Amino acid sequence: MSHIKKPRIHHPALTRNRLGLTRRDYEGTMSTLCAGCGHDSITAAIIEAFWELEIEPHRVAKTSGIGCSGKTPTYFLQEAHGFNGVHGRMPSITTGAHAANRELLCIGVSGDGDSLSIGMGQFAHVVRRNVDMLYIIENNGVYGLTKGQFSASADVGSTAKRGQVNREHPIDSVLLALNLGAGFVARSFSGDKEQLVPILKAGLRHRGFALIDIISPCVTFNDHHGSTKSYQYTRDNYNQLVYADFVPPAHEIAATYDEGDVRTVKLHDGSSIRFRKVPGNYDPTDRDAVYGYIRERQRAGEVATGLLYVEEAGGVGEESDFHGLQGTVEEPLVDYPFAELCPGAEKLERLQERFR
Amino acid sequence: MIASMKPTDTRNPDHYHRVVDCQWGCPAHTDIPEYIRLIANGQYTESYLLNRKSNIFPGILGRTCDRPCEPVCRRVRLDGEPVAICRLKRVASDLRDDIRPYLPEIPTEKNGKRIACIGAGCASLTVANDLLPLGYEVTIFEKLAKPGGLMWTNIPEFRLPAQVLWEEIDYILDMGVDLRLNHPIDSLAALLEEDYDAVFIGSGAPKGKELNLPGRWDSKQIHIGIEWLESVRFGHIDECGDRVLVIGVGNTAMDCCRTAQRLGASDVKVMARKTKPYFKASPWELEDAIEEQVEILENHSPSRFIIEDGKVKGMVFDLVSWHPCENGRLKAEVHDTKVIEADEVILAIGQDTAFPWIERDIGIEFNNWDMPIVDKTTFMTSRDGVFMGGDAAWGPENIIWGVEHGHQAAISIHAYCHGESLTDRPPEGMNLISQKMGLHEWTYSNDYDEAQRAKMRHVDLQERFKRMDIEVEEGFDIEQTLKEVERCLNCDAQTHFEANLCIECDACIDICPLDCLTITHNGPEEDLTQRLTAPLLNYPEEPLFISEELPQTGRIMVKDEDLCIHCGLCAERCPTAAWDMRKSDLLIPYAGLAAGELHPGMSIMDLAGAPAAVGESELAEAGAVR
């Protein structure tokens with residue numbers, strides 16, 4: 001933790017987006033995480049993505065649970081709404097926020113411990129409910145805040161800082177989310193912003209539940225030889241399976257490569273994702289094939305990264321996201337007059353009468 | 001394939017020296033950030049001594065320096081105003097204790113070498129300062145009744161109090177200079193006949209430029225600026241007419257117009273041929289003159305004097321405008337003429353060297369402009385053993401250049417007297433010492449301070465005209481000093497990078513407030529420089545740091561040194577100490593002293609020059625030599 005704040009002075013050529021904001025305006029307070037923490041790089045990527053998408057900070061709800069990841073939302077979008085919830089309960093809190101105000105752009109930041117151990121049930125159900133949110137798992141394979149015990153995402157055979165070997169099987173959030181029906185599933189690496197920022201942008205623009213599992217090395221407890229979540233290991237076994245570019249609505253595609261290599265997938269809001277350099281038989285919209293392919297790469301010892309699966313926007317019909325499934329009202333509850341939201345004891349009495 | 005960029009060799013003292021813009025810009029390479037930190041610490045004596053090591057006259061220069069360090073100060077590129085480097089130097093000078101105990105001891109046993117210096121100005125005094133502690137006998141010949149050269153004759157007392165001047169000159173004279181006042185040299189040949197091992201010519205540029213217009217020689221009320229200032233200084237002139245015209249807008253013109261006001265003139269006009277952007281005077285000297293209600297008229301080109309009965313009545317000026325012509329120079333177009341009445345005219349349009357006393361057949365070659373040919377490295381003329389520096393060598397500069405010439409000439413004279421090569425200059429060195437005190441604590445004040453430059457307080461306008469010797473600038477008070485020292489960015493606290501330690505976590509890149517850092521693949525210069533986090537604004541004047549290949553991906557770390565505020569956050573957020581803040585201590589050689597060496601018995605100077613680092617993280621990388 002630094003004694004000084006990051007000075008406000010910035011490069012004179014720093015550009016402003018259409019809202020008149022610089023990238024620096026999307027920052028939060030100074031990080032108190034360990035120097036070199038992957039989470040801080042993810043924070044920087046999130047800042048970049050929000051700035052590029054020209055999202056007004058006050059339209060955003062950022063939520064988190066407990067753990068090093070739980071601190072992260074403090075470090076970006078100072079002017080956004082935030083809630084640091086109970087351990088593993090970020091999905092419920094986000095669901096509540098989104099249920100009440102569907103116009104809020106929800107981003108939840110969790111960790112492998114927060115999501116895959118104590119919050120596993122919450123995680124599973126928020127995927128099923130298809131809450132319209134970007135769910136980030138900062139995945140480092142250890143409980144960093146409690147000094148480096150194996151987490152549920154630690155690989156069999158990987159070692160702790162003091163040499164103990166993990167023998168329990170890991171939970172893979174990407175495979176799990178595919179199984180549970182998530183419409184947007186990605187894996188990335190904190191050390192590769194070129195890949196991460198476009199995926200974050202696509203995830204923020206995806207309607208429905210979007211998961212990005214980001215390998216985020218813990219420099220203090222899990223960046224050693226024998227770790228499978230270290231900077232070195234991740235780079236050595238990195239397989240950028242698919243390259244995905246995010247294209248905002250009404251942007252002409254300036255193709256710089258053969259059209260045959262490119263696969264464009266439309267999102268609900270008119271933006272699209274362009275996949276390029278995808279391996280010959282890879283179809284990022286075929287859930288079963290993607291599942292099989294990731295398993296295959298895992299057996300080959302590779303960390304498959306990229307925007308691995310995305311559901312193409314459907315045609316006209318019933319929305320399949322949370323609000324569509326629940327049949328809720330169109331407007332945020334905050335826009336309803338109080339008398340309508342809370343019609344009074346008499347109406348409640350009448351309602352209860354019906355069940356007697 | 002075009003070659004990728006080469007990794008920066010930070011063991012070459014030049015790279016880190018360039019990052020310290022002020023020190024790089026100072027001809028004498030004064031260790032500015034360190035002396036500012038010493039002031040911040042209340043160590044005024046140490047700060048003064050550190051200054052004196054390189055610039056010899058901290059008190060004089062703290063008032064009169066042309067400040068080549070300030071326009072290049074990094075603060076200019078960040079918030080538009082440089083650190084008040086020059087006036088902080090004055091603070092150290094004003095608040096110091098007696099420094100005589102810390103001056104080098106002069107050996108009683110001489111080395112048998114005798115040196116003659118011509119002219120007792122800043123260059124000759126520096127030669128004496130450097131050579132006397134080595135056992136040389138130094139004789140200085142001065143044509144005037146007092147030493148100091150232009151520092152004495154041409155800088156009015158309201159800018160430089162006599163006591164400040166004499167004190168600093170006396171430090172040198174008291175080392176045992178054989179000073180011969182009222183002793184002009186009329187013949188160099190005759191001097192060379194005498195028994196001197198080397199001769200140094202530091203005779204300055206004492207001849208004011210003439211303006212041969214009709215009427216020039218018809219009145220005694222037309223003066224040459226530098227001669228007039230000299231007469232005022234010696235008390236030969238103590239009054240002047242009511243209406244004074246000063247021709248020219250250089251720093252001498254500024255001194256002339258302000259002096260005229262103190263001699264009783266009530267209407268002083270400075271006449272400029274061109275417009276403000278072309279004025280030669282330093283901006284701050286212009287400001288001070290304007291503050292004293294001197295009128296500066298642009299686009300007035302003098303055409304003739306109006307003289308009646310030997311008395312100046314005024315001058316006729318052409319009113320001109322300037323237009324670029326084919327060769328890129330400006331050409332004047334005359335629109336009208338105008339008469340401006342005056343009682344006295346002072347010509348301040350420049351000055352020249354003058355060597356009527358150097359015979360042309362004694363082996364000293366002159367060029368087409370009748371200037372002696374002097375080697376820019378060795379400061380020796382074409383005659384062995386005759387050296388030259390200061391304004392005499394290449395025309396008017398300023399004091400700090402004269403001092404640096406003196407240092408270099410002294411090195412040459414020392415080598416010459418010992419039969420060593422003059423062209424093999426002693427190398428500079430650099431120490432690099434970690435400034436880490438704790439996990440997030442540095443030896444220096446690393447937070448960026450947004451304070452604006454402190455404004456110099458001036459003596460009240462009415463009050464200051466009462467006497468010639470009322471110093472206009474009052475100096476910084478303690479509050480101003482404490483604020484101003486915090487504006488210094490400590491550019492010598494270098495961001496030192498060890499590529500082999502980097503794990504490419506991006507922490508430094510994400511935290512850097514000025515977007516100085518990039519990790520990317522190497523490439524040819526024109527390609528790589530386009531792929532940086534932020535666009536380059538002052539490249540290549542401000543250098544890039546290019547690292548060796550990083551271990552994990554083979555990419556490189558690139559740092560644009562231009563706008564770095566040396567906050568140290570990159571080093572604080574670095575998990576592997578690949579980044580560290582290390583103080584670069586430039587070691588400068590002087591005559592008889594290798595880089596970093598000191599005269600015997602100079603303990604306080606040791607202290608002043610030493611880095612402030614303490615604790616177990618001292619990582620001296622001594623001896624990195626060019």
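**Entry 1: a strand pair in chain A**

How many bridges join strand β11 of chain A to strand β12 of chain A, and do they run parallel or antiparallel? I looked this up in a predicted model. I found that β11 (residues 263–266) and β12 (residues 272–276) of chain A run antiparallel and are joined by four bridges. For A:K266 I noted A:S272 as the bridge partner in β12(A). I then examined the link and found that β11(A) and β12(A) form a hairpin, with five residues between the two strands. In the turn, I recorded a positive phi of about 95° for A:G270.

**Entry 2: the contact of chain A with chain B**

I next turned to the contact, to which chain A gives 23 residues and chain B gives 29 residues. On the side of chain A that touches chain B, I listed α1 (38–53) and α8 (231–236) of chain A as the elements that give two or more residues. The largest share of that side, four residues, comes from α1(A). I also sorted the residues of the side of chain A that touches chain B: 10 are nonpolar, nine polar and four charged.

**Entry 3: overall form of chain B**

For chain B I counted 22 helices and 24 strands. Along the principal axes, the C-alpha atoms of chain B fill a box of roughly 90 × 65 × 55 Å. I compared the radius of gyration of chain B, 27 Å, with the value near 25 Å for a compact globule of 626 residues, and the two agree. I noted that 48% of the 626 residues of chain B count as buried. I also looked up contacts in chain B between residues at least 6 apart in sequence, and 74% of these join residues at least 24 apart.

**Entry 4: domains of chain B**

I recorded the division of chain B into domain 1 (1–24 + 427–440 + 449–626), domain 2 (105–206 + 353–417) and domain 3 (209–348). Taken over C-alpha atoms, the centres of domain 1 and domain 2 of chain B are separated by 35 Å. I found 12 residues of domain 1 of chain B in contact with 15 residues of domain 2 of chain B. The side of domain 1 of chain B that touches domain 2 of chain B divides into six nonpolar, three polar and three charged residues.

**Entry 5: nonpolar cores**

Which residues touch the most other members of the largest nonpolar core? I found B:A128, B:L131, B:F200, B:F387 and B:I413, in a core of 145 residues. Helix α16 (residues 399–417) of chain B gives the most to this core, with 10 residues. I noted that this core draws at least three residues from each of domain 1 and domain 2 of chain B. I then followed B:L131: setting aside residues up to four places away in sequence, B:L131 touches B:I115, B:Y136, B:V138, B:A410, B:I413, B:H414 and B:A591. I also recorded a second, separate core of 71 residues, which includes A:L77, A:A177, A:I215 and A:Y293.

**Entry 6: residue B:D267**

I closed with B:D267, which lies in strand β8 (residues 267–271) of chain B. Why does B:D267 count as partly exposed? I found 17 C-beta neighbours inside 10 Å of B:D267; a residue needs 20 or more to be buried and 12 or fewer to be exposed, so B:D267 falls in between. Not counting residues up to four places away in sequence, B:D267 touches B:D242 and B:R243. I also looked up B:A342, 75 residues from B:D267 along the chain, and found their C-alpha atoms separated by 8.7 Å.

Notes. Residues numbered from 1 in each chain as written. Chains lettered and ligands numbered in written order. Predicted model: local features only at pLDDT ≥ 70, side-chain atom pairs only at ≥ 80, totals over all residues. Contact = placed C-beta atoms within 7 Å. Nonpolar A, V, L, I, M, F, W, Y, C, P; charged D, E, K, R; others polar. Rg over C-alpha atoms; globule rule 2.2 N^0.38 Å. Core = buried A, V, L, I, M, F, W, Y, C linked by C-beta atoms within 7 Å. Domains from an automatic or database assignment. Pairing = 2+ DSSP bridges.
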